[in-house]
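This note is addressed to a colleague who will be reading the sequence alongside the coordinates. Please consider the points below in order.

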Amino acid sequence: MTRNGKIGVRRRAALIAVACMAAVMFLAMPVSAVTTLEGYSDMMLALTSGNGGDPTWQLENPRLYAEFRLKSSPWTDIDTFLKVSAASDRWEENVKETRVFLNEAHMRFRGSKIETHLFTGQDRFWLNEPLLAIVDQGEVKHDDWGVRAQGVRLDFWDMFGFHGAAFYSERSDYASMGFAGMPDELEYYPGATAADTVSSSTDDYRGFRLNRRFLGDRGLLGTTYARRDFSETPFHGSSGSYSEVVALDSELALGEIVPFFSRFGRVTWAAEYGYNNSGGLNDSDDSGLAGFKTEIRDIRAGPIRLLASYGDYGERFYADRLASWDRRDLNGYTKYYAEAHYRVSRKAINLKYWTFKEEPKDYSVSEYGMRQEWGTEAYVEFVNGFTGKAEYKVYENKDGTWPNLLFEVTGENRLVKLRTQFRIRDVDTIYEVAAYGFEANVNLSDDWKFYARVMNVSEPTEARQTAFAQVRYLGWSGAEFFVEYGNPDHSNELVNDGDFVSHGSNTVMEKVFKAFVRIYY
């Protein structure tokens, strides 16, 4: 079962196919095959306070979890992998239930110039496209408490000088659009019924990347293709609708080709042009479907390193549910970016400056208007394993100017690693927030480890704190025990957390103790 306990028909078939083939290969493997079975089981107890406003401490039912990983190499060029797990926890409607999950599996074949994977539940959707990023791994892998897509991937190299990769992916699951219990929302989707809010989605993805180097690795030509075919549901469009983008790219090491540029380093120039050929977009009007980006990097002038880029994106260039959200926000914009690094001579000091500007092609139809940012950073290495960083940046958009100031000091030796941060977000605005964070990772002994994070956030009218701590014991052979307090998600990035360190955040410190016993086998 998937994380939410539901599997589409095509996804179930794919999971069964991979699992069955892995089982057949396991049974048919020769005696000399290398096979390992490993995993762990753990039990977690939680003591919480403040749930639903109740200040009393409550002991929750234990959560039991087990995970098994089977690895096998029946032949030299073939290997298989299977990971399954089982969890006993409270799921929908707080009902205690044990569920079994097929987390991931693959079969791999590797030849002298080729490698293939048949997989499920794994992220194998990268194409190493240089500039435009017309397809995003996050869109394809369908991450829902773990990767849920499945497919086949092919990699090849040194075939008449060509290198490349291709994948075909299918995400068959139940696509809830969030309208359950809100039937009035369905009026915006003609033909939809309450049953359609959990209808089966069988969108398919395919991607392809091909490139070839020339001029003795001083030049490169490549092409990238990506497509998503949408399933037929009231929320996903009619059968046959699709998003499709193709791109061409090139790269030249001017510093190794033109003698004049050699004094400035490699001086790499790259460019990529793409076109959105999605169904229905260019039936009557093909404007705004192209995108272009060029970049020049690897420029050195003494202690200075430079990089600059320019992008021009049509109003409909990045395709729906194929490119990432931040890329789609560039539709209808031109973007300029520049970056400079300076290393102070005979000092362990690095200085950095960057700036970018995103300008709409047509202000009259732009929802966000112009966006720009500039910033400076100083990084210093001190003695005895300490480093420091100071950063000041200013972001501007149609709503105003938003300065940000950050200081960080880090120290590390074989026993302890410490990091402290101070940040002022949205300086001199009504949304100003000041945050202080501290992180410690300590080896108390060979068997005892301690880790902690604390953070304080101050606003003109209120303050809030969060803390997370963990003590771990590793003295048992094949087992470990650890106790933790707090919610780690509140401070994963310390003062750079986008939720807890924001004006008016209603996130509060969670009072929860958790104890884990984990046994490995």
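The points that follow go from the chain as a whole to individual residues and then to one pocket.

1. Nature and confidence of the model. The structure is a predicted model. The mean pLDDT over the chain is 85, and 83% of the residues reach at least 70. Two stretches call for caution. In residues 1-9 the pLDDT falls below 50, although this stretch has 29 contacts in the model beyond near neighbours in sequence. Residues 174-186 also have a pLDDT below 50, and there the corresponding count is 26 contacts. Contacts involving either stretch should be read with these scores in mind.

2. Overall make-up. The chain contains four helices and 25 strands. Of its 521 residues, 40% count as buried. Among contacts with a separation of 6 or more, 52% join residues that are 24 or more positions apart.

3. Glu 272. Which strand holds this residue, and is Glu 272 buried or exposed? Glu 272 is part of strand E12, and its relative accessible area is 0%, so it counts as buried, the cut-off being under 20%. Its side chain reaches the backbone nitrogen of Leu 131 at 3.1 Å. The C-alpha atom of Glu 272 is separated by 6.8 Å from that of Leu 132, a residue 140 positions away along the chain. Leaving aside residues up to four places away in sequence, Glu 272 touches residues from several parts of the sequence, including Glu 129, Pro 130, Leu 131 and Leu 132, as well as Thr 224, Asp 249 and Phe 292.

4. Ser 278. This serine is located in the loop between strand E12 (268-276) and strand E13 (290-301). Despite the loop position, Ser 278 is buried, with a relative accessible area of 5%. Two partners of its side chain may be inspected: the backbone nitrogen of Glu 244, reached at 2.9 Å, and the side chain of Asn 276, with which it makes a polar contact at 2.5 Å. When residues up to four places away in sequence are not counted, Ser 278 touches Tyr 242, Ser 243, Glu 244 and Ala 319.

5. Ser 49. This residue lies in strand E1, which covers residues 34-49. A relative accessible area of 9% makes Ser 49 buried. Beyond residues up to four places away in sequence, Ser 49 is in contact with Asp 54, Pro 55, Thr 56, Trp 57 and Lys 511.

6. Pro 62. The proline sits in the loop between strand E2 (57-59) and strand E3 (63-75). With 31% relative accessibility, Pro 62 counts as partly exposed. Its C-alpha atom is 5.5 Å from that of Met 44, and the two are 18 residues apart in sequence. Not counting residues up to four places away in sequence, Pro 62 touches Met 43, Met 44, Leu 45, Ser 88 and Lys 96.

7. Positive phi angles. Two residues other than glycine deserve a check of their backbone. Phe 160 has a phi near 55°, a positive value. Phe 160 is placed in the loop between strand E7 (150-159) and strand E8 (162-176), and it is exposed, with a relative accessible area of 77%. Asp 428 has a positive phi near 60°. The loop that holds Asp 428 runs between strand E20 (416-425) and strand E21 (433-443), and the residue is exposed at 71% relative accessible area.

8. The second largest pocket. How much space lies in the second largest pocket? The computed volume is about 370 Å³. Fifteen residues line the pocket, and those closest to its centre are Asp 326, Leu 330, Lys 335, Phe 356 and Glu 358. Two or more lining residues come from each of strand E14 (304-313), helix H4 (325-328), strand E15 (333-343) and strand E16 (349-360). Strand E14 gives the most, with four residues. By type, the lining of this pocket divides into six nonpolar, two polar and seven charged residues.

How values were computed
Residues numbered from 1 in each chain as written. Predicted model: local features only at pLDDT ≥ 70, side-chain atom pairs only at ≥ 80, totals over all residues. Heavy atoms only, no water. 1 Å grid on protein atoms, 1.4 Å probe; cavity = no way out; pocket = protein on both sides within 12 Å on 5 of 7 lines; lining within 4 Å. Points joined across faces, edges and corners; volume = space filled by probe spheres on them. Nonpolar A, V, L, I, M, F, W, Y, C, P; charged D, E, K, R; others polar. Buried < 20%, exposed > 50% of the residue type's maximum accessible area, 1.4 Å probe, protein only. Polar contact = N/O pair within 3.5 Å; in protein donor to acceptor, adjacent residues only side chain to side chain. Contact = heavy atoms within 4.5 Å. pLDDT = per-residue confidence, 0-100.
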